[in-house]
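Let's take a walk through a protein chain together. Have the sequence and the 3D view open, and click on each residue as its name comes up.

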Amino acid sequence: MTNTPTAAPVSPAGAADPSRWLRVHHPRASAAARLVCFPHAGGTANAFTALSAALPEDVELLAVQYPGRQDRRGEPCAQDLSELASGVAQALAGYDDRPLFLLGHSMGALVAFETARLLEERGTVARLFVSAARPPAQDWQEPDLSLVGDEELTAGLRRLGGIPEPLLADPEIAAEILRLLRADHRALLRHRCAPDTRVAAPVTVLLASADPKNSLEQMADWARHTAGGHEVAALSGGHFSLLERPGESAPPLTRRIREDLARPAAAAASGAPDAEPLADLVRELMMEGLAGRTPRLSTDLTALEAAAGEVMAPEAFAYVSGTAGSGATGRANRTAFDRRQLLPRMLRGTRRTDTSVTLFGQRLPVPVLLAPLAAQQVAHPEGESATARAAAATGVPMVVSTFASRTLEEVAGAAGDHPRWFQLYLPSDRAVGESLVRRAEASGYGAIVVTVDATHLGFRPAELDSGYSPFLRGTGIANFTGDPAFRAGLPADADATQAVLRWAQISTDPTLTWEDLAWLRGLTRLPLLVKGVLHPDDARLALEHGADGVVVSTHGGRQLDGGVSSLDALPAVRAAVGPDVPVLMDSGVRTGSDVVKALALGADAVLYGRPYVYGLGLDGQRGVEHVLRCLLTDLGLALALTGCASLADVGPHLLANGDRR
């Protein structure tokens, strides 16, 4: 935007004319990594001159020069952002000798995102930094600047900052700034990105505390656009803090780049993946507090039930929250966690914690999976599709219910390549059961979780008093109405009522025995877990009849009133199956400390249930993501505060005397 001379173009051997696109302000031949920087709308490569100088000798900055400005003024400005991304990606073809980090500011973040997608077709991007930019699929709510007069537009630039007043006061320079800004905005307004578009690289969002255009809430959806993890780093200042405060911006960038460069060696030495820094969510929310903003939802995961009860339809809330009979089993599930106390150890050097766990040969990032809760459309119109996207965004595998309100294929599409399992209620019509299993296999589900504690529906007063069943109203039976074997049992002209009645007749089987589990074992090569086990003898029988693992569960207290809690049953089940069989548990888990207690008593992982559905009811996908980020942050801190660097450090010794049974 200024007339300051640009840095010399660079052109490594073999590159496709990068001299048009890339500028190096401070060449560093011995740098260990390169940071490619993409300017904002109306900006030039010179925007990053000060940041380049502030970086240390081991990081070389390559500044992108868009067409239509400075030494490229004779070229037309780009018509869309993909044109810019394609040009930069081609220019970077010769820069594969050192790790590449991409950084985009404002509009430049979208160009960097699209460039990363192109680069990942032939290699990898170490990390994507995005500054002062909403996620690519989000409506940026930008006006059409061709309809905004010069004076009004100039006044807006003054409010936003980033352009020295002498430049805006110079008519010739100001006219050039407005020309470029309008041209770049036309390209920005044409940009479209699907909500499920992702890069493999991790994403770091740089958010300035006083940015008038962007908030933490708006930045949350960046998590859905990466398969490599998402974090937020706080900067002080306004929208142009990255460029105006290079002395403050360079250290967090440098620190993260050096950590990423060191990660492969550290992981190779330890044999385990490195975890993200602890308490990122805590820092984010505190920074938001400085700006006078508080979270949309409470971070107290035990308070979400009451909050959801105020916004969900009464009958829907009764269905989700209700328990069997007097609610004694539901209360026992929570009491079992409250009764046990953690006994932490100090000064164990746990700056980072490794929360990953291996189940059935697959490395999962956390020992938490979303429990298979049925008919989630009663909480939110998008139902399981929103939950699947949130699970993928936060790295939590999902177990999808047979009685989901979206088909297992739809949920798989929403989850992308993120790990997922399929929970099966074995129907009395075995042809339908086999069809469900085959569909799960074809849709990329990694395990079958057969539920055995709901062959009869529990006595649930909250549902009975409201006379409400989502299934009899057609919600939660999509996997049946869309199944060819199920449809084959209906008349050709069957209506919705006939479909519901057939579902009610065959959806579960009260005559199930352990021999039926053996039949299911012979049907699929996927890992098979039995969910609903509480007695150690049943755990042994499950293994004898072909199960690969068990889930200790009371069905969230929804089946048998007055039964033992899952946590109390867990140690005996673990002892019965031995140390090598995967054992999971659910029912009553609410906090990160609860997860640690379950692991200490023998669980390999937990299934997490109602709280995420309350989050879904309160705020859709964002609500589920909020709940899971809170849980995982709490889990990481609970591990660190008990002195555990990884899940391997968790055991009965973490529980105070008398709490280990």
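What follows is a short briefing that goes from the whole chain down to single residues.

Keep in mind that this is a predicted model. The chain has 25 helices and 17 strands, and 58% of its 661 residues are buried. Its largest nonpolar core holds 118 residues, and there is a second, separate core of 49 residues.

**The whole chain**

- How does the radius of gyration fit a compact globule? A compact globule of 661 residues would come out near 26 Å, and the chain has 28 Å, so the two agree.
- If you drew a box around the C-alpha atoms along the principal axes, it would be roughly 85 × 65 × 50 Å.
- Take the contacts between residues at least 6 apart in sequence: 77% of them join residues at least 24 apart.
- About 25800 Å² of the chain is exposed, and carbon and sulfur atoms supply 54% of that area.
- On the charge side, there are 62 positive and 76 negative charges, and their mean positions sit 3 Å apart.

**The nonpolar cores**

- Here's a handy background idea: in soluble globular proteins, nonpolar side chains tend to be buried together.
- Which members of the largest core touch the most other members? They are Val368, Trp421 and Met585.
- Helix H25 (residues 610-641) gives this core its largest share, 13 residues.
- The second core, separate from that one, has Val64, Leu178, Val199 and Trp222 among its 49 residues.
- Click on Trp421 and look at its contacts beyond four places in sequence: they include Leu359, Phe360, Leu369, Met398 and Tyr445. Also on the list for Trp421 are Gly446, Ala447, Leu529 and Leu584.

**Two residues with a positive phi**

- Phe360 isn't a glycine, yet its phi is positive, near 55 degrees.
- You'll find Phe360 in the loop between strand E8 (357-359) and strand E9 (362-364).
- With a relative accessible area of 28%, Phe360 is partly exposed, and Phe360 is also one of the residues in contact with Trp421.
- Ala375 is another non-glycine with a positive phi, this time about 50 degrees.
- Look for Ala375 in the loop between strand E10 (368-370) and helix H14 (383-394).
- Is Ala375 buried or exposed? Its relative accessibility is 0%, so Ala375 counts as buried.

**Asp586, a buried loop residue**

- Asp586 is in the loop that runs between strand E16 (583-585) and helix H24 (592-600).
- Anything under 20% relative accessible area counts as buried, and Asp586 has 5%, so it makes the cut.
- Which residues does Asp586 touch, leaving out those up to four places away in sequence? They are Lys531, Val551, Val552, Ser553, Thr554, His555, Ser566 and Leu607.
- Leu570 is 16 residues from Asp586 along the chain, and their C-alpha atoms are 10.0 Å apart.

**Leu61, a buried strand residue**

- Leu61 belongs to strand E3 (residues 59-64).
- Leu61 has a relative accessible area of 0%, so it is buried.
- Setting aside neighbours within four places in sequence, Leu61 is in contact with Arg23, Val24, His25, Leu35, Cys37, Phe48, Leu51, Ser52 and Leu55.
- Now find Phe113, which is 52 residues from Leu61 along the chain: the two C-alpha atoms are separated by 17 Å.

**Thr197, another buried loop residue**

- Thr197 is in the loop between helix H6 (171-190) and strand E6 (203-208).
- Thr197 counts as buried because its relative accessibility is 13%, and the cut-off for buried is under 20%.
- Beyond four places in sequence, Thr197 is in contact with Phe113, Arg117, Arg224 and His225.
- How far apart are the C-alpha atoms of Thr197 and Gly474? They are separated by 32 Å, with the two positions 277 residues apart along the chain.

Conventions: Residues numbered from 1 in each chain as written. Predicted model: local features only at pLDDT ≥ 70, side-chain atom pairs only at ≥ 80, totals over all residues. Heavy atoms only, no water. Helix = DSSP H or I, 4+ residues; strand = E, 2+ residues; numbered from the N terminus. Rg over C-alpha atoms; globule rule 2.2 N^0.38 Å. Buried < 20%, exposed > 50% of the residue type's maximum accessible area, 1.4 Å probe, protein only. Contact = heavy atoms within 4.5 Å. Areas by Shrake-Rupley, 256 points an atom, 1.4 Å probe, with all protein chains shown as cover. Lys, Arg positive; Asp, Glu negative; His and termini not counted. Charge placed at Lys NZ, Arg CZ, Asp CG, Glu CD. Core = buried A, V, L, I, M, F, W, Y, C linked by side-chain atoms within 4.5 Å.
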